[in-house]
Amino acid sequence: MARAYVEQLCWRLPWFRDRVAAADGPRVDRSVESLDALAAFVAARAHDPGPVTVEPYWFEAPAHRPDWTEVGAEWVEGLAAAVAEVITMGTGAEWVFDTDPRFVTGHQPVLQGIVNTPQRLASLAVADVLSGRTGRPLSALVRRMIDQHAPAGRLAGAPTLGDADVVRAEAPTPATAPLTVEVTALKGGMWDVQVSLPEEVEDLLGGEAHASLEERFAAVPGVRAVVFEDHDVAVLATDGLDPEELRHALNGVLAGLIRADGSVSPDHR
């Protein structure tokens, strides 16, 4: 499971960059300073509905897991991948397995010489943002981890989870840019929103998955009716949904049609 988690973070990082960019979020630029804006961005999505690309891994005991949705947990895992990259860039630390259950990181994958896991750092930061606490921003926590890096410390002899032990997985995103929609508010009548998809959407998704979009879009909470006027244009009747919230929800529907191997899954939950 530890190896699988490290394997998953390998593609979760570019996945995170693409999704943040598609949502017009802050830059994922490998800097410590960027992490606070990213934590706030992820916290705003911690309770998002909708399908996930691939279920995130968890190492916390069930009773201690936050009340985030699976989509929210996936965002947090993406943030953890960004945190891991920043720490690795600053220290050169490699992934190892902490075999000592006496510590909070026990039986978890950790970066050698770092006293906390990227997943825990990301989770704490998101929880702090949601609770309104401001005393320990993510940038400060990560900088402390980098400053206190001790490769000859307790984890010096921990089993490696490096390249020799990990079979890399392919990212669960297609080679093309993320498939996203544009949402335009309409005035007058029951149809209050127009949704535009990329012109090549049917080719990207395939006929069966494309044909399911009307039903899938109509299943989004707050959407009352959907009619496709063309293969890449639909009009929606909603309960006054905010266009930006609707855009994010529909992008989640499209992301949910992509399997972990980059192929289209018309039966994806």
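Start by selecting arginine 12 and glutamate 77: they form a salt bridge, with the closest N and O atoms 2.8 Å apart. The term salt bridge here covers a side-chain nitrogen of Lys or Arg within 4 Å of a carboxyl oxygen of Asp or Glu. This pair links distant parts of the chain, since arginine 12 sits in helix H1 and glutamate 77 in helix H3, 65 residues apart. (Helices are DSSP runs of H or I with at least four residues, strands are runs of E with at least two, and both are numbered from the N terminus.)

Before going on, a word on what is on your screen. This is a predicted model, in which local features need pLDDT of at least 70 and side-chain atom pairs count only at pLDDT 80 or more, while totals for chains, interfaces and linings use all residues. Residues are numbered from 1 along each chain as its sequence is written, and side-chain values use heavy atoms, with hydrogens and water left out.

**Stay on arginine 12**

Are arginine 12 and glutamate 77 buried or exposed? Arginine 12 is buried, at a relative accessible area of 0%, and glutamate 77 is buried with a value of 0% too. (Buried means under 20% relative accessible area, exposed means over 50%, and partly exposed is in between, using a 1.4 Å probe and protein chains only.) Now add Glu74 to the selection: Arg12, Glu74 and Glu77 are linked in a network of salt bridges.

Next, show tryptophan 15. Arginine 12 lies over its face, at 4.6 Å from the ring centre. (For a charge to sit over a ring, NZ of Lys or CZ of Arg has to be within 6 Å of the ring centre and within 35 degrees of the ring normal.)

**Move across to the aromatics**

How many aromatic pairs are there? The count comes to 5. The rule takes rings of Phe, Tyr and Trp (its six-membered ring) whose centres lie within 6.5 Å; planes under 30 degrees apart are stacked, over 60 edge-to-face, and the rest tilted.

One of the pairs on that count is tryptophan 15 with tryptophan 75, which is tilted: 5.8 Å centre to centre and 55 degrees between the planes. Tryptophan 15 belongs to helix H1 and tryptophan 75 to helix H3, so this pair ties together parts 60 residues apart in sequence. Both tryptophan 15 and tryptophan 75 are buried.

Now bring up phenylalanine 16, whose pairing with tryptophan 75 is edge-to-face, at 6.2 Å centre to centre and 75 degrees between the planes. Phenylalanine 16 is in helix H1 and tryptophan 75 in helix H3, so here the parts tied together are 59 residues apart in sequence. Phenylalanine 16 counts as buried at 0% relative accessibility, and tryptophan 75 has a value of 5%.

Add Phe41 to see the whole group: Trp15, Phe16, Phe41 and Trp75 form one aromatic cluster. Then show arginine 45, which lies over the face of tryptophan 75, at 6.0 Å from the ring centre.

**Back to charges: arginine 30**

Select arginine 30 and glutamate 85, another salt bridge, with the closest N and O atoms 2.9 Å apart. Arginine 30 is in the loop between H1 and H2 and glutamate 85 is in helix H3, so to speak two distant parts of the chain, 55 residues apart. Arginine 30 is partly exposed, at 46% relative accessible area, whereas glutamate 85 is buried, at 12%.

**Follow helix H4**

Colour residues 118-131. That is H4, with 14 residues and a reach of 20 Å from first C-alpha to last, close to the 20 Å expected at 1.5 Å a residue. (The expected span is 1.5 Å times one less than the number of residues.)

Which helices and strands do the buried residues of H4 pack against? Among them are helix H1 (2-22), helix H3 (70-91), strand S1 (95-98) and helix H5 (138-147). The buried residues of H4 include Leu121, Ala122, Val126 and Asp128.

Zoom in on aspartate 128, whose side chain meets that of arginine 136 in a salt bridge (2.5 Å, N to O). Aspartate 128 is buried, at 3% relative accessible area, and arginine 136 is partly exposed, at 37%. Just after the helix, select glycine 132, which follows H4 and has a positive phi, near 90 degrees.

**Zoom out**

With everything in view, the protein has 9 helices and 6 strands. A search of the whole structure finds 11 salt bridges. Buried residues make up 47% of the 269 residues.

Note on methods. Contact = heavy atoms within 4.5 Å.
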